[in-house]
Amino acid sequence: MGQELIASAQARRSVENVHAVTQSANELDTKTEMTVVDESNFDSHLERSTVDVVIDFTAPAPSLRYLTAAAETQTAAVVGTTGYTDDAERTLQQVTEDIPFLRATNFSRGIAALRRALRTAVSALGSYDIELTETHHNGKQDAPSGTALTLLDDITAVCERAAESERVHGRVGEQPRSAEEIGIHARRAGNVAGKHEILLAGNDEEITLTHRAGSRSVFAAGALDAAEWLSDQPPGAYDFDAVLDTDWTVYVYWQPMSVESTIRDMWQRYTDGDIDAESAGSSAYTTLEVFLEGIETGEYRAAEQGQRRGPAGWNVNEWVKQGILLCFSLHETTARTYGDVTYNDVLSLRDTNDLGTRGTRNTPDGTVIRRGAYLGSDCIMMSPSFVNIGAHVGDGSLIDSCDTVGSCAQVGENVKIGANTLIGGVLEPVEDAPVIIESNASLGAGCRVTSGFHIGENSIIGENTLLTPRIPVYDLVEEDIHYGHLPADRRAFTRYVESSLGDHDLFESGAYKPAVVALDIEDETLDRTQREEALREWAHRLKFEAPFDGFSTGIFHIFVTLQMSLRRHCTWLIRTEYVRMVSVWEMHFQRQIFVMQWKQTAAPK
């Protein structure tokens with residue numbers, strides 16, 4: 001197919017050949033003035049070039065390598081490769097889900113017309129015997145051909161009997177034909193470009209539908225048509241029927257991608273003003289129902305984690321947010337009931353019958369889960385609490401009393417969310433990341449996490465801490481300031497720093513603003529003895545003598561934070577109420593040490 005594609009592209013002014021990929025070393029094709037790239041250098045060439053679309057007609061193994069490179073560079077891909085294994089199919093789906101991706105087993109416009117005619121014929125003649133024969137050149141490796149398998153899918157899509165039929169590949173010996181089977185025959189000979197024939201035979205009559213390709217140029221022309229069309233499309237999975245200027249139903253190979261493509265199309269129609277609650281139709285509501293069920297089972301998520309750690313490792317699925325917004329826009333507000341409670345909303349509450357089968361508990365009188373929310377296995381949801389549409393709560397997590405988990409928030413596994421905590425929702429703009437709390441994090445009571453803030457795994461958040469992109473996170477581990485992100489393995493709490501507003505005459509004693517301080521989580525694992533020993537050592541080093549008048553019966557709590565090598569070290573000596581503070585500063589071995597002693601004064605009687 002490579003030569004046919006190059007020749008067809010040369011004949012089009014709207015298309016420019018940039019690279020061809022072979023197994024040979026780099027060279028210049030003098031006939032086409034096009035660089036021929038060794039397949040081992042394909043990744044680097046694609047990254048440096050201005051390619052709009054990759055067209056792949058190879059074999060499954062190299063095809064996956066090329067498509068992985070296309071996904072990494074956000075390059076659209078047209079694929080005509082067939083013969084993938086089930087594992088390869090799953091990998092193919094994963095690597096192409098974030099790019100415009102068009103896959104077809106045949107790029108002939110004639111085959112597209114044949115498929116439409118075949119569906120019509122089978123719908124009318126469902127009881128007839130069906131035999132399918134395909135013929136290709138003697139070098140074709142997979143059998144039956146990908147096109148033959150697509151034609152079989154078309155048959156089973158419109159005929160219930162055919163969907164349950166046995167597929168018989170050739171016949172030998174005494175093998176009478178049953179009424180329930182479909183015969184499939186693959187022939188390999190000469191240089192036949194491709195021939196497909198479907199026989200529908202009843203009593204005393206037969207119909208034969210045949211397509212014969214005279215050369216591979218018809219496939220090359222169709223692939224170029226697909227490439228030009230795909231270059232202007234958003235990310236999603238498409239079929240060759242979408243390229244043709246017809247009203248045919250677009251056939252997509254994978255159900256998850258089919259829902260995604262339909263949601264994207266509905267969103268575009270909604271934003272263009274072509275669809276609303278009155279004109280949506282039953283098919284739109286069926287799609288939205290399947291979409292909500294997919295979120296509730298964990299199949300679809302508003303954001304998913306990739307290979308890297310931190311915020312950059314998460315990908316936002318804009319189409320999921322679009323689907324949620326369509327649920328609001330295409331449904332009318334109606335009175336609904338849940339138990340003995342009547343409420344008014346565009347969506348019903350989630351059916352919770354599946355939670356118990358997975359070991360998840362939700363206590364009575366006030367645990368509210370909206371449609372399109374996911375709770376994993378072995379979760380606990382205390383009342384009253386609320387989980388909104390699009391939220392994803394991982395296995396083993398705790399939602400405590402008076403908690404709210406907002407729309408599209410992503411909560412990992414074994415996360416503990418303390419009472420009276422707000423996890424904000426982020427629906428619009430659809431491209432913005434939601435709040436993300438990674439696995440094994442713990443949030444104290446009264447926390448607020450909003451505006452797409454990202455909490456790294458294994459972190460511990462102190463009570464009443466506000467985490468939002470507008471408040472800086474002073475990371476004493478990396479000695480850096482973060483906005484919108486708390487790195488993994490941190491202990492975080494709120495402190496107050498001086499504000500520039502303190503210069504204003506209205507603030508006689510200065511002004512302060514909230515900030516978040518992040519320490520290494522390991523510092524908190526020091527036991528009491530280690531902390532006291534560290535404090536005594538530092539106090540001795542500073543030759544610090546404190547006026548401990550009347551202290552013998554007081555309560556003495558010590559908190560030591562060790563930050564070595566150019567990090568700030570703080571020691572707090574805390575005594576009981578009514579205090580005054582004495583600070584001592586000393587530079588020692590490139591360390592900054594603060595000692596604050598709070599002295600007990602006489603309490604009023």
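The accessible surface of the chain comes to about 31,300 Å², with 48% of it belonging to carbon and sulfur atoms (areas from the Shrake-Rupley method with a 1.4 Å probe, where for residues only the protein chains shown count as cover). This is a predicted model, in which local features need pLDDT of at least 70 and side-chain atom pairs count only at pLDDT 80 or more, while totals for chains, interfaces and linings use all residues. Residues are numbered from 1 along each chain as its sequence is written, and side-chain values use heavy atoms, with hydrogens and water left out.

With the whole chain in view, 13 helices and 42 strands can be picked out (DSSP runs numbered from the N terminus, helices being H or I of at least four residues and strands E of at least two). Of its 605 residues, 45% count as buried (under 20% relative accessible area, against over 50% for exposed and in between for partly exposed, with a 1.4 Å probe and protein chains only).

Select residues 76-79 and 100-103 next: these are strands S5 and S6, which run parallel and are joined by three bridges (strands pair if DSSP finds at least two bridges between them). Ala-77 has Phe-101 of S6 as its bridge partner. Strand S6 is covered on both faces, since Pro-100 and Leu-102 on one side are buried, as are Phe-101 and Arg-103 on the other.

Move on to Pro-144, in the loop between strand S7 (129-136) and helix H6, where a cis peptide bond with omega of about -5° joins Ala-143 to Pro-144. Then select H6 itself, residues 146-158, whose 13 residues should span 18 Å at 1.5 Å a residue, in agreement with the 19 Å between its end C-alpha atoms (the expected span is 1.5 Å times one less than the number of residues). Its buried residues include Gly-146, Leu-151 and Ile-155.

Asp-204 comes next, in the loop between strand S10 (194-202) and strand S11 (205-213); its phi is near 70°, a positive value in a residue other than glycine, and at 84% relative accessibility Asp-204 counts as exposed.

Cys-402, between strand S23 (398-399) and strand S24 (403-405), has a positive phi of about 65° although it is not a glycine, and Cys-402 is partly exposed, with a relative accessible area of 44%.

Finally, select Leu-506, in the loop between strand S37 (490-498) and strand S38 (512-520), which at 69% relative accessibility counts as exposed.
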